[in-house]
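Colleague: Could you take one part of this model and walk me through it closely? I'd like to hear how the strands are put together and what their side chains do.

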Amino acid sequence: LAREGKLLTHTVIRVAASQFIDQAPYAVGIVELTGGVKIMAQIADCEPERLSAGMPLRVEFRKVQEEGEAGIIAYGYKCVPAER
């Protein structure tokens, strides 16, 4: 998959599931990657108020969550502003 794209739409999660409480509020959006593939991903490193449709984003592989007493760490893709 391409590593760059643009934000199509997003929502801000203010009341998060228990494993994401420490991240709230956070944004999740639909990102159209170069080539037309669309993905849903958390948008990191940007205040939710600054997000807008058409904003250029870059895909990064990052820690998504740390689970339970065992401390299992899950990694996945998040999107960040392309012009950081």
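Modeller: Sure, let's start at one pairing and work outwards. K6 sits opposite P56, a residue of strand 4. Keep in mind that this is a predicted model. Strand 1, residues 4-13, pairs with strand 4 in the antiparallel sense, and three bridges hold that pairing. Zoom out and you see five strands closing into a barrel, in the order 1-2-3-5-4, with mixed pairing. On average, neighbouring strands of this sheet are turned by 40° against each other, direction ignored.

Now for the nonpolar side. The largest nonpolar core counts 13 residues, and the ones with the most contacts inside it are L7, V31, I39, L51, L57 and C79. Strand 2 (26-33), strand 3 (38-43) and strand 4 (56-67) each put at least two residues into this core. As a general point, nonpolar side chains in soluble globular proteins tend to be buried together.

C79 is worth a stop of its own. Leaving out residues up to four places away in sequence, C79 touches V31, I39, A41, Q42, I43, A44, L57, R58 and V59. Among those partners, V31, I39 and L57 are also on the list of residues with the most contacts inside the core.

The aromatic rings are the other thing to look at. There are three aromatic pairs. In one of them, F61 and Y75 have ring centres 6.0 Å apart and planes at 20°, so this pair is stacked: the angle is under the 30 degrees that the label requires. F61 belongs to strand 4 and Y75 to strand 5 (residues 72-81), so the pair links distant parts of the chain, 14 residues apart. Neither ring is tucked away: F61 is exposed, with a relative accessible area of 52%, and Y75 is exposed too, at 51%. Both values are over the 50% cut-off, which is why they earn that word.

F61 has another partner in Y77. Here the ring centres are 5.5 Å apart and the planes stand at 65°, so this pair is edge-to-face. With F61 in strand 4 and Y77 in strand 5, the pair ties together parts that are 16 residues apart in sequence. Y77 is exposed, just as F61 is. Put the three rings together and F61, Y75 and Y77 make one aromatic cluster.

Methods: Residues are numbered from 1 along each chain as its sequence is written. This is a predicted model: local features need pLDDT of at least 70, side-chain atom pairs count only at pLDDT 80 or more; totals for chains, interfaces and linings use all residues. Side-chain values use heavy atoms; hydrogens and water are left out. A nonpolar core is a set of buried Ala, Val, Leu, Ile, Met, Phe, Trp, Tyr and Cys residues joined through side-chain atoms within 4.5 Å. Buried means under 20% relative accessible area, exposed over 50%, partly exposed in between (1.4 Å probe, protein chains only). Helices (H or I, at least four residues) and strands (E, at least two) are DSSP runs, numbered from the N terminus. Contact means heavy atoms within 4.5 Å. Rings of Phe, Tyr and Trp (its six-membered ring) pair if their centres lie within 6.5 Å; planes under 30 degrees apart count as stacked, over 60 as edge-to-face and the rest as tilted. Two strands pair if DSSP finds at least two bridges between them. Axes are lines fitted to C-alpha atoms, for helices over the stretch in contact, and angles run from 0 to 180 degrees between N-to-C directions.
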